Amino acid sequence: MSMATATHESVQEYYGRVLQHSSQLKTDACCAPESLPQHLKEIVAQLAPEITERFYGCGAPIPLALEGCTVLDLGCGTGRDAFVCARLVGPRGRVIGLDMTRGQLDVARAHERAQAATFGFASPNTHFVHGYLEDLATAGIEDESVDVVVSNCVINLAPDKRRVFEEILRILKPGGELYFSDIFADRRTPTEWRSDQVLLGECLAGALYWEDYRRLMADLGVPDLRVTARRAVKIDNAELADRVGVTRFASVTVRAFKLGSLEDRCEDYGQIATYLGSVPHARHAFMLDDHHEFVTHKPLAVCGNTAAMLSETRLAAHFRISGERSRHYGLFPCGAPAVDHPQAAAGDACC
Ligand SMILES: C[S@@+](CC[C@H](N)C(=O)[O-])C[C@H]1O[C@@H](n2cnc3c(N)ncnc32)[C@H](O)[C@@H]1O
């Protein structure tokens, strides 16, 4: 059996058989519901308990401005985030939930019709498919067919992460967005941890190392990643804590846009962005990331990359951008330390 197959089987057994309830997880990597934004809490309250009881995510990777979008939830589990997105995209949008563990998918599928009715939709706008992150083509996901990919505490479990990100970038439309929460480690984790089912299943063994993730995405054409939330992971289980030693873990939520115009540094073209206050649930201000808060109607100087994220994506309808890239004024004083070292600032930020 190949290493990749062994990893898939071990993870399927962990989420399909070993764990039956969120409370059985051995770390606090799983996000407490009270840390969700209010508008998401209200939707989660509308979900069947069977869905939420088997939620194993580590953050809230559900961006704003989803109405009408096609969203793909990678590793959707029993469908908590997929159903939340289904409510947010509305009847004109659709959500595909993909997972390799049939027991998880069965729960999601069993609730599709009832959830659609609860949301007041004439028919379900969800579709749950069996498949692997590393091979979305076999699962029927076509090139440039998805507006937003979300994923909650899953990519760390994938043995071939490069392949996963290549697939995500293949299926995203130009200007589309990957918005995911996952466990990051402050160093590369030892390879032998991956054959330990608990370390792997608890999202520690395969945790991403930020610098490798940053290099990989740059190599795949995404040189500017934005962090929106981070939270240190506490490992109270003594045996697990002993096994991981001094390695520190954090749950980080990252957004990455598929844009050909991004540069590896923030450059100044004299551009100004003004938020129109029109994104639902963000009337007074819009947070693009941990260092860009756009107060409604207040003009803000932005770098070329930020201007592209706000004008060449679904966010364009909510911003007015003045200036283009015809004149260059040097490096933009961005001041974004958290992006380079997300663990360094790990704290109690809302996930
Ligand atoms: C930690 S759980 C998170 C589930 C869900 N996102 C949630 O928040 O409840 C990880 C999920 O990812 C799925 N998974 C892990 N690796 C996968 C892969 N390579 N392909 C497809 N699904 C995968 C598992 O089956 C499991 O349901």
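**Exercise 1. The ligand site**

Task: Given that an oxygen atom of the ligand is 2.5 Å from an N or O atom in the side chain of T101, describe the surroundings of the ligand in this predicted model.

Solution:
1. The contact at T101 involves its side chain. By contrast, G57 takes part through a backbone N or O atom, which lies 3.1 Å from an oxygen atom of the ligand.
2. A nitrogen atom of the ligand is also engaged, at 3.1 Å from a polar backbone atom of N152.
3. Taken alone, the ligand exposes 590 Å², of which the protein buries 99%.
4. The ligand is surrounded by 22 residues, and the closest are Y56, G75, D99, T101 and L133.

**Exercise 2. Classifying aromatic pairs**

Task: Among the 14 aromatic pairs of the structure, examine F83 with F128 and F165 with Y213.

Solution:
1. For F83 and F128, the ring centres are 5.3 Å apart and the planes stand at 55°. Planes under 30 degrees apart count as stacked and those over 60 as edge-to-face, so this pair is tilted.
2. F83 belongs to helix α4 (residues 80–89) and F128 to strand β3 (residues 126–130); the pair thus links distant parts of the chain, 45 residues apart. Both F83 and F128 are buried.
3. The rings of F165 and Y213 have centres 5.2 Å apart and planes at 50°, so this pair is tilted.
4. Here the link runs from helix α7 (residues 161–171), which holds F165, to helix α9 (residues 210–219), which holds Y213, across 48 residues. F165 and Y213 are buried.
5. Ring pairs join F165 and Y213 with F180, F184 and W210 in a cluster.

**Exercise 3. Salt bridges and burial**

Task: The whole structure contains 23 salt bridges. Determine whether the partners in E166–R162 and E177–R255 are buried or partly exposed.

Solution:
1. In the salt bridge between E166 and R162, the closest N and O atoms are 3.3 Å apart. The two residues are 4 residues apart in helix α7, and therefore separated by about one helical turn.
2. Buried means under 20% relative accessible area. E166 has 29% relative accessibility and so counts as partly exposed; R162, at 36%, is likewise partly exposed.
3. E177 and R255 meet at 2.5 Å, N to O, and link strand β5 (residues 172–185) to strand β8 (residues 249–257), 78 residues apart.
4. E177, at 0% relative accessibility, counts as buried, and R255 is buried with a relative accessible area of 2%.
5. E177 also forms a salt bridge with R314, at 2.7 Å, N to O.
6. E166 and R162 belong to a network of salt bridges that includes D143, R163, E167, R170 and D219.

Methods
Residues are numbered from 1 along each chain as its sequence is written. This is a predicted model: local features need pLDDT of at least 70, side-chain atom pairs count only at pLDDT 80 or more; totals for chains, interfaces and linings use all residues. Side-chain values use heavy atoms; hydrogens and water are left out. Rings of Phe, Tyr and Trp (its six-membered ring) pair if their centres lie within 6.5 Å; planes under 30 degrees apart count as stacked, over 60 as edge-to-face and the rest as tilted. Buried means under 20% relative accessible area, exposed over 50%, partly exposed in between (1.4 Å probe, protein chains only). A residue is near a molecule or strand if one of its heavy atoms lies within 4 Å of it. A polar contact is a pair of N or O atoms within 3.5 Å; within protein, one must be able to donate a hydrogen and the other to accept it, and residues adjacent in sequence count only if both atoms are side-chain atoms. Accessible areas come from the Shrake-Rupley method with a 1.4 Å probe; for residues, only the protein chains shown count as cover. A salt bridge is a side-chain nitrogen of Lys or Arg within 4 Å of a carboxyl oxygen of Asp or Glu.
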